[in-house]
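Here are a few notes to read alongside the structure. Keep the 3D view open and follow along point by point.

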Amino acid sequence: MRSIWNGAISFGLVSIPIKLVNATENHSISFRQIHLADGGRIRYRKVCELDGEEVTAAEIGKAYEEADGSMIPITDEDLGSLPLPTAKTIEIVAFVPAASIDPLQMDAAYYLSAAGVPAAKPYTLLREALKRSRKVAVAKYALRGRERLGMLRVVDDVIAMHGLLWPDEIRSPEGIAPEAEVTVRDAELDLADALMDTLGEVDMDSLHDDYREAVEELIAAKAEGRTPEPARADESGGKVIDLIAALESSVRAAKEARGEEPETGEEPADRPVAKVTSLAGRKKSGGTGAKKKATAAAKKTTASTKKSASGRAPAKKTAARSTKAKKTAAGTGAGTTAKKTAAKADSKQPAKKTASRKRASA
């Protein structure tokens, strides 16, 4: 990797010669502007507004524009002569916990490489000191004509530096938060926690740029004269009526995406069931309607079980047979016989046959 800046890290009285190397690279696909009529490329030319002549890069310098429009030329020699200790030095000013650095301040990232064999020992000393202290170093340095703020930390066995924005370059978030007063229930927070746990962690190396891959496929198809397939419309959207239902659906979808069996939950009875657009292949959870159906099925199963266990007919039919037996017993005038007849009413023999046998025996 090509170094973009050479200097030294100032670590108290220790000076570590280093080279600055870009730690990131841009993989975005760039496009050119063309003339739609004939496909010719559109180019920008730098022209002096006084004489109308096109100028080259070697003829272009820097200047500061005053409020009245006049220009004050500033040369590289002028900037190089400024009394800045950070012109060629990354000056460490403090060691602080990493949590004290606001991520909003993060800017470009660089690797710091030891310049030569003599720099290896102090470089390693600083690296191991940062590791053991579990802190980061706050430093000041000058790059591309301005002094900047940086944060040094250890990445694997390398010292990395993140450019930081100055505190006064961070805008205040005043007026950004919702102005309406909103109350979040514990049940909603519990479901949000469940969704976070279900999504779990991710291997950052497995993430990739889907959009860039789609653009590359589009370019390849056009280069080969093929017509690219149109993207499918996303049908998973919909108007969310109930936040709880949306969270429950998200938890189920996340579990199914991870190959886990979703648990069937019950909707609280004090709120209506929301109409949320179902996800593809999503199983429906048991709500209030499902609970009623399950209760009815349970009652039917209980009645059937009682019937099979007793071996008797339902209560109404038994009562009818008992009444019929009592009438038969009254015709014979024997109270004891009536009781026996009523007892036999539940047997397999009909009541009339029982009465006839009693008369015959009499």
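The points below go from the whole chain down to single residues.

1. First, a reminder: this is a predicted model. The chain has 362 residues, and 20% of them are buried. As for secondary structure, you'll find nine helices and nine strands.

2. Now the outside. About 27800 Å² of the chain is exposed, with 54% of that area coming from carbon and sulfur atoms.

3. How much of the contact list links residues far along the chain? Taking contacts with a separation of 6 or more, 58% are between residues 24 or more positions apart.

4. The barrel is worth tracing by eye. Seven strands close into it, and the order to follow is 1-2-6-9-8-7-5, with mixed pairing. On average, neighbouring strands of this sheet are turned by 40° against each other, ignoring direction. As a refresher, strands in a sheet pair through backbone hydrogen bonds, and they can be parallel or antiparallel.

5. Zoom in on one pair from that barrel. Strand 8 (residues 146-155) and strand 9 (residues 158-164) run antiparallel and are joined by seven bridges. Here Leu149 sits opposite Leu164 of strand 9.

6. Back to the surface for a nonpolar patch. Leu79, Leu82 and Leu84 make it up, and together they offer about 220 Å² of accessible area. To find Leu84, look in the loop between helix 1 (76-80) and strand 5 (89-97). Why does Leu84 count as partly exposed? Because its relative accessibility is 35%, and partly exposed covers what lies between the buried limit of under 20% and the exposed limit of over 50%.

Notes
Residues numbered from 1 in each chain as written. Predicted model: local features only at pLDDT ≥ 70, side-chain atom pairs only at ≥ 80, totals over all residues. Heavy atoms only, no water. Pairing = 2+ DSSP bridges. Helix = DSSP H or I, 4+ residues; strand = E, 2+ residues; numbered from the N terminus. Axes fitted to C-alpha atoms, helices over the stretch in contact; angles between N-to-C directions. Patch = residues over 30% accessible without salt bridge, like charges linked within 9 Å, V, L, I, M, F, W, Y side chains within 5 Å. Areas by Shrake-Rupley, 256 points an atom, 1.4 Å probe, with all protein chains shown as cover. Salt bridge = Lys/Arg side-chain N within 4 Å of Asp/Glu carboxyl O. Buried < 20%, exposed > 50% of the residue type's maximum accessible area, 1.4 Å probe, protein only. Contact = heavy atoms within 4.5 Å.
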